[in-house]
Amino acid sequence: MLRVMTEPPLLLGLDLAGTFAFALNGAITGLEAAKLDIIGMLTLGMITALGGGILRDILINALPPATFSSWPYIAVAAGGALIAFFLSQQLRRFTLTILLLDAAGLSLFCVTGATKSLDYGLGPAQAVILGAVTAVGGGTIRDVLVRQVPTVLTSGLYAIPALIGAAIAVTAVRTGVYGVPAALGAAAACFLIRLAGIRYHINAPIAREDKTDEDKSRE
């Protein structure tokens with residue numbers, strides 16, 4: 001029998017909110033990119049929502065992962081994916097729906113990933129890294145399954161906001177001020193930075209390439 005979760009209410013609430021946002025995002029992405037049926041959308045939505053958390057729990061030795069030991073995770077992920085299926089037409093009318101849901105999931109998971117890692121005895125730097133892994137893990141698996149280059153590899157302001165949000169959460173915990181305001185503030189910082197990157201097409205610096213003969217001839 002699956003047990004009910006015993007995580008702190010704040011961590012649980014943020015984790016489930018992130019799970020729901022990513023489930024919607026994964027299912028809609030599957031529909032847009034690969035025209036999946038209900039089973040495909042359900043599968044992709046759940047993988048997107050739960051993949052990062054499973055990776056985190058395996059790495060911090062929180063076994064079995066919360067996904068498999070606590071029923072609300074699976075229920076929320078499945079519910080989000082099914083809502084995306086039945087309301088797909090309405091959700092697809094908003095051009096930024098997928099990006100906003102992805103940013104929301106990214107923001108919530110970077111906070112919960114970092115704080116849970118601290119709870120399991122990891123140091124601040126390791127917790128920040130695992131916060132980012134939690135945030136980008138499910139989306140990376142999603143992109144691979146629909147045969148897209150993962151967003152984390154192509155968007156400069158994807159992993160960076162997750163690292164910043166995780167760092168803020170870790171700092172709040174280490175200084176003893178972590179609570180609802182600090183957690184939401186860390187998630188909001190990640191969310192706003194991600195949206196700024198989308199809105200203003202901001203990317204991290206990339207390596208310079210040598211000009212081709214064709215480019216030189218144009219000068």
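Helices here are DSSP runs of at least four residues, numbered from the N terminus. With that in hand, we can walk through this structure, which is a predicted model. Let's start in helix H2, where you will find Gly53. Gly53 has a relative accessible area of 12%, so it is buried, since buried means under 20%. Follow the chain 12 residues along from Gly53 and you arrive at Pro65, and the C-alpha atoms of this pair are separated by 7.7 Å.

Gly53 is also a good way into the next feature, a hole inside the protein. Searching the whole structure for cavities of 30 Å³ or more turns up one. The largest cavity holds about 80 Å³ of space. It is lined by 13 residues, and those closest to its centre are Asp15, Gly53, Arg56, Thr67 and Tyr73. Which helices build this lining? Helix H1 (9-34), helix H2 (38-59) and helix H3 (66-69) each give at least two residues to it. H2 makes the largest share, with six residues. As for chemistry, the lining of the largest cavity is a mix of six nonpolar, four polar and three charged residues.

Stay on H2 for a moment and look for Thr48, which sits in this helix. Is Thr48 buried or exposed? Its relative accessibility is 1%, so Thr48 counts as buried. A polar atom of the Thr48 side chain lies 2.7 Å from the backbone oxygen of Leu44. Looking past residues up to four places away in sequence, Thr48 touches Phe22, Asn25, Gly26, Gly138, Gly139 and Arg142.

Now hop over to helix H1, where there is another threonine to visit, Thr29. Thr29 counts as buried because its relative accessibility is 7%. The Thr29 side chain reaches the backbone oxygen of Asn25, at 2.7 Å. Asn25 may ring a bell, as it is among the residues that Thr48 touches. Once neighbours within four places in sequence are set aside, Thr29 is in contact with Ala34, Ile98 and Arg142. Arg142 should look familiar too, being another of the residues touched by Thr48.

Next, head for helix H7, residues 124-145, and find Ala135 there. Ala135 has a relative accessible area of 0%, so it is buried. What does Ala135 touch, not counting residues up to four places away in sequence? The residues are Phe22, Leu106, Phe109, Cys110 and Ala162. For a sense of scale, try Gly176, which is 41 residues from Ala135 along the chain: the C-alpha atoms of the two are separated by 23 Å.

One of the residues touching Ala135 is a cysteine, Cys110, and that brings us to disulfides. How many disulfides does a search of the whole structure find? It finds zero. Take Cys110 and Cys190 and you can see why this pair does not form one: the sulfur of Cys110 has its closest cysteine sulfur in Cys190, 4.1 Å away, which is too far for a bond. The cut-off for a disulfide is a pair of cysteine sulfur atoms within 2.5 Å. Turn it around and the closest cysteine sulfur to that of Cys190 is in Cys110. Both cysteines are tucked away: Cys110 is buried, with a relative accessible area of 0%, and Cys190 counts as buried at 0% relative accessibility.

Let's finish with some backbone oddities. Most residues other than glycine have a negative phi, and most peptide bonds are trans. Keep that in mind as you look at the loop between H2 and H3, which contains both Asn61 and Pro64. Asn61 is not a glycine, yet it has a positive phi of about 65 degrees. Asn61 counts as exposed because its relative accessibility is 57%, and exposed means over 50%. A little further on, the peptide bond from Leu63 to Pro64 is cis, with omega near -10 degrees.

Where else does a positive phi turn up? His201, a residue other than glycine, has a phi near 55 degrees. You will find His201 in the loop between helix H10 (180-200) and helix H11 (213-218). With a relative accessible area of 67%, His201 is exposed.

Terms used: Residues numbered from 1 in each chain as written. Predicted model: local features only at pLDDT ≥ 70, side-chain atom pairs only at ≥ 80, totals over all residues. Heavy atoms only, no water. 1 Å grid on protein atoms, 1.4 Å probe; cavity = no way out; pocket = protein on both sides within 12 Å on 5 of 7 lines; lining within 4 Å. Points joined across faces, edges and corners; volume = space filled by probe spheres on them. Nonpolar A, V, L, I, M, F, W, Y, C, P; charged D, E, K, R; others polar. Buried < 20%, exposed > 50% of the residue type's maximum accessible area, 1.4 Å probe, protein only. Polar contact = N/O pair within 3.5 Å; in protein donor to acceptor, adjacent residues only side chain to side chain. Contact = heavy atoms within 4.5 Å.
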